[in-house]
Amino acid sequence: MQFTSGVARSARRSAAAVVAGALPVLAFPEPSLWWWAFLALVPWMLLLRTAPTGRRAAVEGWLGGLGFIVAVHHWLIPSLHVFTVVLGALLGLLWAPWGLLVRSLLRGPGPGRALAALVVLPSGWLLIELIRSWEGLGGPWGLLGAAEWRIDPALRLASLGGVWLLSLLVVAVNTAVTEVVALPRTRTAVVCAAVLGAVLVTAGAAGAPRPGEAGRARIALVQPGVFDGPDGADRRFARAEELTRTLAGRDPDLVVWGESSVGADLGQRPDLAARLAALSRAVGADLLVNVDARRTGAGGGGIFKSAVLVGPQGPTGERYDKMRLVPFGEYVPARGLLGWATSVGKAAAEDRSRGTRPVVLTLSGARPRVGPLVCFESAFPDMGRRLVRDGADLLVVQSATSTFQSGWAPEQHASLAALRAAETGRPVAHATLTGVSAVHGADGGRIGPALSTETSAAAVYEVPLVQGMTAYVRLGNWSAGAALIALSAWGAAGGGLRLIRRADRGQDTDRGGGAGRAAGHQRRPGRSAGRERDPGQAGGRGRGPGAAGQGRAERSWIPSTTRSHSSWVSRASRALRTVPARTASRKESTTCSMPRCRATGTQSPRLRTLGCPLWSTISAISRTSRLVSWPETSRISWVEPLLRFITPMAVNPSPESWSITWWTSPSTTLARTSVWSTVPGTRKRRVSTTWMKSS
């Protein structure tokens, strides 16, 4: 019965994880509930926080990632069918470590851990987005920050750090809300941090530099609409030709057609090239069309999708070949392994060929210089940034989403133009065959009305051109660098804590042995081998160097700690005794620069156990192994002020007392124990010092 109830509980949690992971989809177009993005992760994070084990948290992180990927890409289901779920399951694995991270950071008490979660959890999410943004894993579709494409302050922040900075902000807000709901003891610290973060975000959004205006251009978009059937391509071309002729007399500087608007290579079809040149002459502007056809000759074989510029005299020779292809839609990754996807969906039967470099096109009228992107490429922030650095005044996206006409894909794709415009500080024209077509200014705001999926029309937009570069164009994806630094720092700290916990669970093989017996003292009957006498209990306690103990000095070489497992510092001190235990069992000939006890002429086993690895670490950090050549008083005393300064930062808000022993000089017989303890009823700490002699 218990087994059955446990299985049912796991099944309920698994289903809840999938649903919770799918909730953020409501923040994206078409629902476009932008405010929901700041709350959408809270149910998932609360679930991960209550996972009974770390393994369960990883499983629920994976299931939530599966739900997220399938929900964001649900419009692929009619084309890929069950393979959409397979892709979701594979990509969902990226969230398994994040599930562990959420559980570890949101379960523990203390404001320090809660504040760390506000930085580490968004950084972990951003790392996932960076990994899955690789073209072979599907590209950066559904980045959480992209949900804020209509919010002006968010677009200003995008000009500073791109959509990556927005993702960090959105996950940080979700984390703060989760902590306020689930961790009452940390609410004050979290709310203070949230207020400080809001002030910084507001200041960043208000102070974001904006490029200055430098003229205007009239851009025309032609959207012919949906044409199915065997002769659909010819009828679509004819409709686009008809709509373009209506632009005569409206003085456009550039006319843009959508993706795959021309179904034959213009080099092989001079009749089509002549018709396009006649259109250019009729409207008095260059045409930017998109050729989806097999190419032969010097340009290489294969099927290319190319942005081709056509002037009054025909193709100008300016062209850009699409570089980043849609997985399964335009090529099948590892076709030898995944080629079976073509039998269960509408995956590409033949891989298309790629371009080799980005191109900035120059119009007959010189300005604006155009940076073309083809469909899927508008999801990649780095491509727009590269084109602007190469001198583009206007970004043009040629797209076709007719396969997904009834889903949310057209709206989601069109929204990406706002983010690319805000990031690069350049206007973006998004032209499609079947909608949604739109133009966004350099600040990300929409210019004029969009052409919906039910529209077949041509529209002219007057677009302000700008000069200058945004911080994102200059600095690139610095948000990712900051996130990696934060994760590395947390990982290093977590590795240290794991060593401490491992040592805390182990057996202290050196306790009760070695030094005490070396001085001729036997452990009293009934005394635990795991307990040592506090240095302050030695003879002459706390009365300075002159009041040294008589015969118990060897027991005082090990720093004592309180026996409480709740003190981080206590566990750290015990780890220093436990981790190097293997060192004590080595041969006496083992070299070590630690001082020797004058009473015996050799290193005390306890002293060697405590000091040898620590001393070696200090030696390595100092980049020297000749510490003996230093002034005697400088061997270790320089570390003490640093540790005394940083240690309270790692102690719990109400730690128990703890102590640590320092040599005053390697060549003297004096050692000093500093004891920190909390004054009852306050947060103050008092420090007392005990001096001891080795002989």
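This is a short tour of a predicted model, moving from the whole chain to one sheet, one helix and one loop residue.

**The whole chain**

Start with everything selected. The protein chain has 695 residues, and 53% of them count as buried. Its secondary structure amounts to 22 helices and 14 strands. Now display the surface: the accessible area is about 30,500 Å², with 59% of it belonging to carbon and sulfur atoms. Contacts can be sorted by separation in sequence. Of those between residues at least 6 apart, 66% join residues at least 24 apart.

**The six-stranded sheet**

Next, select strands E1, E2, E3, E4, E5 and E11, which form an open sheet. Reading across it, the order is E5-E4-E3-E2-E1-E11, and the pairing is mixed. The edges are E5 and E11 (457–467), each of which pairs on one side only. From one strand to the next, the twist averages 30°.

Zoom in on the end of the sheet that holds E11. Strand E1 (residues 212–223) runs antiparallel to E11, and ten bridges join the two. To find a facing pair here, select Arg-216 and Pro-464; the latter lies in E11, opposite the former.

**Helix H11**

Add residues 270–283, which make up helix H11. This helix packs on the sheet, where it touches E2, E3, E4 and E5. The direction of H11 makes about 165° with that of E3. From first C-alpha to last, the 14 residues of H11 reach 20 Å, close to the 20 Å expected at 1.5 Å a residue.

Which residues of H11 are buried? Select Leu-272, Ala-273, Leu-276, Ala-277, Leu-279, Ser-280 and Val-283. They lie on the same side of H11 because they cover an arc of only 155° around its axis. Turn to the other side of the helix to see Pro-270 and Arg-281, which are exposed.

What do the buried residues of H11 pack against? Show helix H10 (232–245) together with strands E2 (254–256), E3 (286–294), E4 (303–311) and E5 (314–321). Before leaving, select Gly-284, just after H11: this residue takes a positive phi of about 75°.

**A loop residue**

For the last stop, go to Ser-32, in the loop between helix H1 (2–22) and helix H2 (42–49). Is Ser-32 buried or exposed? Its relative accessibility is 11%, so Ser-32 counts as buried, the cut-off being under 20%. Leaving aside residues up to four places away in sequence, Ser-32 touches Leu-26, Ala-27, Trp-149 and Arg-150. Select these four with Ser-32 to display the contacts.

How values were computed. Residues numbered from 1 in each chain as written. Predicted model: local features only at pLDDT ≥ 70, side-chain atom pairs only at ≥ 80, totals over all residues. Heavy atoms only, no water. Helix = DSSP H or I, 4+ residues; strand = E, 2+ residues; numbered from the N terminus. Buried < 20%, exposed > 50% of the residue type's maximum accessible area, 1.4 Å probe, protein only. Contact = heavy atoms within 4.5 Å. Areas by Shrake-Rupley, 256 points an atom, 1.4 Å probe, with all protein chains shown as cover. Expected span 1.5 Å × (residues − 1). Arc of directions from axis to C-beta. Pairing = 2+ DSSP bridges. Axes fitted to C-alpha atoms, helices over the stretch in contact; angles between N-to-C directions.
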